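Let's walk through this model together, starting from its empty spaces and ending at its backbone. Keep the viewer open beside the text.

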Amino acid sequence: MSRCDQANSTLFLRGLHISPPIALAPMVGLSHSALRSLVAERGGVGLFFTEMLTARRLPHDNPFCSPLLVKSAVERPLFYQLITAEPAEIRPAVDRIHQLEGQGIDLNLGCPAPMIRKQGAGLALLDDRRRLQAVVSALRKCTELPVSVKIRLGKVGDTKALKNLCLFLEGEGVDLITIHARLDEEKFCRHPRWSTVAEVRPGISVPLLLNGGIFSVEDARRSLAITGAAGLMIGRGAVRCPGLLADIATELFGWTQDEVTPSSKDNFFSFFHLLETRFAPERRLGRLKQFTAYFAEPLFFGHQLSSAVQASKSMAEAGERAELYFSHEFAKQEETDHHDRAD
Ligand SMILES: Cc1cc2nc3c(=O)[nH]c(=O)nc-3n(C[C@H](O)[C@H](O)[C@H](O)COP(=O)(O)O)c2cc1C
């Protein structure tokens, strides 16, 4: 039911068109409505994900005021990412996603956080194949929406085991697989292992999205050339540079974008105002701080912006301090281009 049309750079998942084949990654505290809207405004994104949502809690969250569920019309198509190890939790969670008019459902099979693993979810679900099968087949039976999964490379980079896992998931009716190209225990600062994905890909029919370490158009080009993946999922790179997906879509997928590229200041304050429109006052500053920690990284003297925002006690103070940072001559220079180097 899913296929990739290379010529048109479009993925087809059960009637859903994903074009360009570039996704904004699920990231706790970051991939909320404000960031999704900002990246949507900059363009070049074919698919959005929520941050991981606990399947047990989702049916009880208020769709109108839960910060996890707030969204706007531009954040489409949107896949809701579930985290669970309990097949019985699937149906109520999926019912809620249907009510929320999500366009797809993603299962998190890659989270290494100890608290999640203790519940047998995320990475730990892969250690119990019968339970995994029960969860995935429950998901498949409950919905006609596209179902995707997000995985890592495994404990030791055993490509045979990884391919078997992908084929198993494909056999269970999964429509899209995202591979975060790092071993289970590897930190995000470690170079991603794109070449391992290249070894695994042949013979897998569902489209693969490559994730990990894409911070520039050149990274995107190289990672696609190495892996032959059908598309990309980008996380921190989109927080650092909300226009990165548009640049990649333009250079690699024949997308056209506006000629005026918003400045870093424009991006910062657009995000700032989106936080004000999407979230209750008490929820804004924490999200601004989390965003700024990544956003400031590639900027000249970005640590000054970052520490100014981290030290702020209110949105107004953070806004004033950010204005001051952007008023300096150095802040107007081109952004630095230091990023992960992959194999
Ligand atoms: C702050 C943060 C939160 C994350 N939360 C999630 C999550 O909720 N679900 C998930 O599957 N991955 C999560 N990830 C992993 C990202 O989706 C992605 O796999 C990782 O950042 C590597 O991609 P990148 O190099 O493009 O950032 C998170 C990453 C970060 C940095």
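Before we look inside, here is how space is found: on a 1 Å grid over the protein atoms alone, a cavity is a set of points where a 1.4 Å probe fits but cannot get out, and a pocket is an open set with protein on both sides within 12 Å along at least five of seven lines; lining residues have an atom within 4 Å of a point. A molecule sits in a cavity or pocket if more than half of its atoms lie within 2 Å of its grid points. By that rule, the ligand takes up the space of the largest pocket.

This is a predicted model, where local features need pLDDT of at least 70 and side-chain atom pairs count only at pLDDT 80 or more, while totals for chains, interfaces and linings use all residues. Residues are numbered from 1 along each chain as its sequence is written, and side-chain values use heavy atoms, with hydrogens and water left out.

Let's stay with the largest pocket. Its volume is about 600 Å³, where grid points are joined across faces, edges and corners, and a volume is the space filled by probe spheres set on the points. The lining of this pocket is made by 30 residues, and P26, M27, K150, H180 and F188 lie nearest its centre. At least two lining residues come from each of β8 (147–151), α8 (236–240) and α11 (284–295); helices (H or I, at least four residues) and strands (E, at least two) are DSSP runs, numbered from the N terminus. Sorted by class, the lining of the largest pocket has 16 nonpolar, 10 polar and four charged residues. Here Ala, Val, Leu, Ile, Met, Phe, Trp, Tyr, Cys and Pro count as nonpolar, Asp, Glu, Lys and Arg as charged, and the others, Gly among them, as polar.

Which residues come nearest to the ligand itself? They are P26, Q81, N211, G213 and R236, out of 18 around the ligand (near means that a heavy atom of the residue lies within 4 Å). That shell has nine nonpolar, seven polar and two charged residues. Polar backbone atoms also approach ligand oxygens: the distance is 2.8 Å for P26, 3.1 Å for M52 and 2.8 Å for G235. The protein covers 90% of the 610 Å² of accessible area that the ligand has on its own, by the Shrake-Rupley method with a 1.4 Å probe.

What about enclosed space? The whole structure holds one cavity of 30 Å³ or more, and the largest cavity has a volume of about 40 Å³. S31, H32, S33, R36, T50, E51, P67, L68 and V70 form its lining, to which α1 (33–42) and β5 (47–54) each give two or more residues. By class, three of these lining residues are nonpolar, four polar and two charged.

The loop between β5 and β6 (78–83) holds S72. The side chain of S72 makes polar contacts (N or O atoms within 3.5 Å, one able to donate a hydrogen and the other to accept it, with sequence neighbours counted only if both atoms are side-chain atoms) with the side chains of S37, at 3.3 Å, and R278, at 3.1 Å.

That loop also contains P77, and the peptide bond joining R76 and P77 is cis, with omega about -10°. Another cis bond runs from S19 to P20, with omega near -5°; P20 is in the loop between β3 (16–18) and β4 (22–24). Finally, R14, in the loop between β2 (10–13) and β3, has a positive phi of about 50° although it is not a glycine. Most residues other than glycine have a negative phi, and most peptide bonds are trans.
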